[in-house]
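Work through the exercises below with the sequence and the model open. Try each task before reading its solution.

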Amino acid sequence: MTSEPTARNNGKPKVAFFDFACCEGCQLTVVDALQTHLDLLDAVEIVQFREAISDRGEDYQIAFIEGSCTRKADEARLEKIRAQAAIVVALGACAHTAGVNALKNLHPLQDVRRWVYGDQAEWYDTYEARPISTVIEVDAVIPGCPIDREEFIGVVKALLLGRKPPIPDYPVCVECKLKENVCMFHVGKFCLGPVTRAGCGAICPTYNDGCEGCRGLIPNPNENAMKDVLSDAGLTVEEIMARFTMFNTYRVSK
Amino acid sequence: MTNVNINVHYVTRVEGHGDIVVDVKNGQIKECRFEVVEAPRFFEAFVRGRPYYELSHITSRICGICSVGHSTTSLRATEKALGVELSEQTVLLRKLLFHGEIIDSHVLHTYYLVAPDFFGVNSVIPLAKTHTDVVLRALKIKKLAGDLCALVAGRHTHPIAMTVGGFTYLPSEAGLREMKARLEEARADMDATVTLFASLPWPQFERETEYISLKKDEEYAFIDGVITSSDGFTYPIEDYRKVTNEWCVPFSTAKWARHNRDSYMVGALARFNNNFDQLHPRAKEAAARLGMKPLVTNPFLNTAAQVVEMVHSLEDSIEIIDQLLTRGIQQEKPPAVKFNGGSEGVGACDVPRGTLFHHYVYDERGICTQANCIIPTNQNMANLNADIQAFLPLILDRPQEEIRLLLEMLVRAYDPCISCSTHFLKVQFV
């Protein structure tokens, strides 16, 4: 923490939550984390969290940002948060990878606006959905759609101790093997586990549903080998691209 | 003469971004409305081109709070389009999961978002110190609801195991038995919840409107059924457009809806008014203790109707688990999916905030070519604004801060879910 402890908050770091284009499911997961970690409120002071609190404090050191940047006006708001916060954390897939919001980038923007809003399409200020890291510097990321409750607590603890947040850089397969799950490819399903960042406890394969890549890709993923595996599993090129684009359109299309 | 100027930028303790604007000069109301300023997300445009099995997983991301509702509605639309027949076990598990979300969403709204107004605090957090028992009870019910969803579908926000035609994973009978015991134990917490909300001084305001919900003869309708109106109309789900009649107003930020009158209301209060007979007996008892009997026309009591529904969902969950345990959990073969050379389907559910419609068209390969989603909050926008305009003159003599609080409470009573922003418009003001 860069700021000096003050008498008013007894040295507790002040934390604020913000949202852009998203479903607010990650902030809901934060609220749910309180069920098992109510003591979190003793460690930090939440000064702004519109979904749950009426206060609107503008004095904060840690900013958690949920949601993608989807319009020019969002940039100024992001920059204002960056100017205030010592630490900016991207909360969840929409902020981290642009998530499902970026699916609209696969269509011409004008077509997207007309489809939903018809004659009033011109009223909408919107551009390609993008991760917040394309607009401001981000100090830490909590991946996932939604975020994992325990991982959120782990990141908060690390930030409070001044450590690097413990986000794995190995693939979901590692966690899936540790859980002794049957491989999705062995039961005729398909899965992005081999190239997707772990940390979720392989929750989707654990419930017999292949990984959709919501946590983003690992560093240096072998995407071509992954496509070959999916192709061998019987997917068409179209289906392979659908899998890859569900949460990773922004990356795939760059 | 009274001058009141209120501009609440981003109403707090609601889902998504909405503003209240009030301008009163010399006792004359110049402006008075609730606006929506959420960034549009364009789901209906970008699900085009996606394979049928992805639709429920993508559209659950419309809303983190009612993601089970969106998933279920999406699956029903897809299943109707693709001729998928559900097993009895699947129907029971879907209902059980849905009850989990009803309790989860309602406990969030009643305890976390609404109750602080009555305790004179800004959020549930200060209550942890002053009313520890209330907060611990809320956390306990919320955890129970989340665990119920996790038991059936892996998690509440963005359920995993629910898929076209059934489930990829089935709960164990031991897990169901354990859940049943916890639900039975939670009856005491529901009882205390009813006592708490029965003691709250609800603002007095009556304005009768048209109440619209789904309806089934055999049960309190959450999934499927027909569309019913308190003005005496009934429609099959496929005719949803005859009900929603979406229209644009130049001074509003959202598409509005109207049916028989200038506006209508959906949500817990509408369901309570239309489907009271199908409530569980214990939920009817709760209603009596809350002083509620149809027709309830005070919109603030939408929150109280949610309390009644929590009791209903808890009781019905226990009965569903009994049925599942009596039948025994069976591994089932997934039902057939028929592409039929292209087809369409409409799904409807009464999700926590009201009636939700998803309408999809698929091509001969099961790729989505058209989609329309109509969410409860949009349908409520015209009615909420009509309530604000009827309520404001009654409270104009109060101090400005009190007016602001009462208007915020009225907005919150609707439990608006602005993030479900598929249809929301951002309009240039002149």
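**Exercise 1. Locate N208(A) and state whether it is buried or exposed.**

Step 1. N208(A) sits in the loop between α8 and α9 (223-232) of chain A. Helices are DSSP runs of H or I with at least four residues, strands are runs of E with at least two, and both are numbered from the N terminus.

Step 2. Phi of N208(A) is positive, about 60°, although the residue is not a glycine.

Step 3. Count the neighbours: 19 other C-beta atoms lie within 10 Å of N208(A), so the residue is partly exposed. The cut-offs are 20 or more other C-beta atoms within 10 Å for buried, 12 or fewer for exposed, and partly exposed in between, with C-beta atoms placed from the backbone.

A note on the source: this is a predicted model, in which local features need pLDDT of at least 70 and side-chain atom pairs count only at pLDDT 80 or more, while totals for chains, interfaces and linings use all residues. Residues are numbered from 1 along each chain as its sequence is written, and chains are lettered from A and ligands numbered from 1 in the order in which they are written.

**Exercise 2. Do the same for D415(B).**

Step 1. D415(B) is in the segment after α14 (400-413) of chain B.

Step 2. D415(B) is a residue other than glycine with a positive phi, near 55°.

Step 3. With 28 other C-beta atoms within 10 Å, D415(B) is buried.

**Exercise 3. Describe the open sheet of chain A.**

Step 1. Five strands form the sheet in the order β2-β1-β3-β4-β5, and the pairing is parallel. Two strands pair if DSSP finds at least two bridges between them.

Step 2. Find the edges. β2 (45-49) and β5 (140-142) of chain A each have a single partner strand, so one side of each has no neighbour in the sheet.

Step 3. On average, neighbouring strands of this sheet are turned by 20° against each other, direction ignored.

Step 4. Look at one pair. Strand β1 (residues 14-19) of chain A is joined to β2(A) by 4 bridges, and K14(A) stands opposite E45(A) in β2(A).

**Exercise 4. Place helix α6(A).**

Step 1. Helix α6 (residues 149-160) of chain A lies across β3 (62-66), β4 (87-91) and β5 of chain A, at about 160° to β5(A). Axes are lines fitted to C-alpha atoms, for helices over the stretch in contact, and angles run from 0 to 180 degrees between N-to-C directions.

Step 2. In the loop between β5 and α6 of chain A is P146(A). A cis peptide bond joins C145(A) and P146(A), with omega about -5°.

Step 3. α1(A) packs against α6(A) at an angle of about 80°, with the axes 9 Å apart. The two helices are therefore roughly perpendicular (65 to 115 degrees; under 35 counts as roughly parallel, over 145 as roughly antiparallel, the rest as oblique).

Step 4. List the contact residues: T29(A), V30(A), D32(A) and A33(A) come from α1(A), and R149(A), F152(A) and I153(A) from α6(A). Two residues are in contact if their C-beta atoms, placed from the backbone, lie within 7 Å.

**Exercise 5. Follow the chain B strands from β10 to β12.**

Step 1. Strand β10 (residues 343-351) of chain B is mostly covered, with 7 of its 9 residues buried.

Step 2. A hairpin of 2 residues joins β10(B) to β11(B). The strands run antiparallel and share 9 bridges, β11 being residues 354-362. V351(B) stands opposite G354(B), and V346(B) has H359(B) as its bridge partner.

Step 3. In β11(B), 8 of the 9 residues are buried, so the strand is largely enclosed by the rest of the structure.

Step 4. β11(B) pairs with strand β12 (residues 368-374) of chain B over 6 bridges, in the antiparallel sense. The bridge partner of Y362(B) is C368(B) in β12(B). This hairpin has 5 residues between the strands, and its G366(B) takes a positive phi near 80°.

**Exercise 6. How many residues does each chain give to the contact between chains A and B?**

Step 1. Chain A gives 46 residues and chain B gives 44 residues.

Step 2. On the side of chain A, the largest share, 6 residues, comes from α1(A).
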